[in-house]
Amino acid sequence: MLRIKKNKPAVSAETRSFRAVRRLNLNRTYVPIKIGVVTGYILLAMLSASTSMFGILVGAMVRIAGF
């Protein structure tokens, strides 16, 4: 028969086992990139500008094609 150790924290139903958490940390499918706030805004502006340029290009091609 197993005895419960004194001062041991209660195990919650939501908590994942240590082994599962460790496995997720070791075998990550992605690596989070830590960038600053300013860098994030610069990247967002570059993405927005390139998307706008692509839209203008497609619009011009459609206009030239006569649609």
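Helix 2 is hardly covered: none of its 29 residues is buried. This is a predicted model. The chain as a whole gives a matching figure, with buried residues making up 0% of its 67 residues. It has two helices and zero strands.

**Helix 2**

Helix 2 covers residues 37-65. How far apart are its end C-alpha atoms? They lie 42 Å apart, and this agrees with the expected span, because 29 residues at 1.5 Å a residue should span 42 Å. After the helix comes G66. The phi of G66 is positive, near 95°.

**Surface**

| Surface | Area |
|---|---|
| Exposed by the chain | about 7400 Å² |
| Nonpolar patch | about 820 Å² |

Carbon and sulfur atoms supply 66% of the area that the chain exposes. Which residues make the nonpolar patch? They are F54, L57, V58, M61, V62, I64 and F67.

One of these patch residues is I64. I64 sits in helix 2. Is I64 buried or exposed? Its relative accessibility is 70%, so I64 counts as exposed; the cut-off for exposed is over 50%.

Conventions:
Residues numbered from 1 in each chain as written. Predicted model: local features only at pLDDT ≥ 70, side-chain atom pairs only at ≥ 80, totals over all residues. Heavy atoms only, no water. Helix = DSSP H or I, 4+ residues; strand = E, 2+ residues; numbered from the N terminus. Buried < 20%, exposed > 50% of the residue type's maximum accessible area, 1.4 Å probe, protein only. Areas by Shrake-Rupley, 256 points an atom, 1.4 Å probe, with all protein chains shown as cover. Patch = residues over 30% accessible without salt bridge, like charges linked within 9 Å, V, L, I, M, F, W, Y side chains within 5 Å. Salt bridge = Lys/Arg side-chain N within 4 Å of Asp/Glu carboxyl O. Expected span 1.5 Å × (residues − 1).
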